[in-house]
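User: Please take a close look at a single residue and the part of the chain around it, and then set that part in the context of the whole model.

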Amino acid sequence: MHAKPGDWLVVEARTIDGDVRRGLIEEVHGADGAPPYLVHWVDTGHRALTFPGPDSHVLSATELRAEEEIAASRFSAMQRSSERVAKETRSS
């Protein structure tokens with residue numbers, strides 16, 4: 001795993017209903033971008049020296065933004081579909 005300050009550390013959920021954690025990598029303490037990283041966690045606001053596990057990956061800000069846009073698009077499509085089904089159910 002390699003990162004640079006400004007990249008994002010994403011820790012995938014360990015369970016189906018678990019949350020994905022995201023944190024901004026502020027400092028890289030390993031050689032050639034290797035861990036540990038000083039991470040500012042979005043969900044808690046805390047900063048911690050982090051050794052990422054196998055459920056983690058690093059994304060650039062551009063890659064993270066692209067992933068979030070895809071997720072938002074999927075959510076929007078699901079929401080429109082749900083609203084259409086609810087409307088059809090009410091009119092039946």
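Analyst: The residue chosen here is Val11, which is found in strand β1; strands (E, at least two residues) and helices (H or I, at least four) are DSSP runs, numbered from the N terminus. This is a predicted model, in which local features need pLDDT of at least 70 and side-chain atom pairs count only at pLDDT 80 or more, whereas totals for chains, interfaces and linings use all residues. Residues are numbered from 1 along each chain as its sequence is written, and side-chain values use heavy atoms, with hydrogens and water left out.

With a relative accessibility of 16%, Val11 counts as buried, a term that here means under 20% relative accessible area, while exposed means over 50% and partly exposed lies in between (1.4 Å probe, protein chains only). Once its neighbours within four places in sequence are set aside, Val11 is in contact with Asp19, Val20, Arg21, Trp41, Asp55 and Ser56, where contact means heavy atoms within 4.5 Å.

One of these partners, Arg21, is also the residue of β2 that stands opposite Val11. The strands concerned, β1 (residues 8-11) and β2, pair in the antiparallel sense over 4 bridges; two strands are taken to pair if DSSP finds at least two bridges between them.

Another partner, Ser56, is found in strand β5 (residues 56-59) and, at 11% relative accessibility, is likewise counted as buried. Apart from neighbours within four places in sequence, Ser56 has contacts with Met1, Leu9, Val10 and Val11.

From β2 the pairing can be followed onward. Strand β2 (residues 21-28) is joined to β3 by 5 bridges, and these two strands run antiparallel. Leu24 has His40 as its bridge partner in β3, and Val28 stands opposite Tyr37 of that strand. Because 4 of the 5 residues of strand β3 (residues 37-41) are buried, β3 is largely enclosed by the rest of the structure. As background to such pairings, side chains in a regular strand alternate between the two faces of the sheet.

The loop between β2 and β3 has backbone details of its own. Asp32 is placed in that loop and has a phi near 55°, a positive value in a residue other than glycine. Asp32 is exposed, its relative accessible area being 72%. Pro36 is found in the loop between β2 and β3 as well, and the peptide bond leading from Pro35 to Pro36 is cis, with omega near 10°.

On the other side of the pairing scheme, β3 is matched with strand β4 (residues 47-50) through 4 bridges in the antiparallel sense, and Val39 stands opposite Ala48 in β4. These two strands form a hairpin with 5 residues between them, and in its turn Gly45 has a positive phi of about 80°. To relate this turn to the starting point, Val11 and Gly45 are 34 residues apart in sequence and 15 Å apart in space, C-alpha to C-alpha.

Seen as a whole, the protein chain has 1 helix and 5 strands, which follow the pattern β-β-β-β-β-α along the sequence. The C-alpha trace spans about 65 × 25 × 25 Å along its principal axes. The chain has a radius of gyration of 18 Å, whereas a compact globule of 92 residues would have one near 12 Å; the radius is taken over C-alpha atoms, and the globule rule is 2.2 Å times the number of residues to the power 0.38. Of the 92 residues, 23% count as buried, and residues 24 or more positions apart account for 39% of the contacts with a separation of 6 or more.
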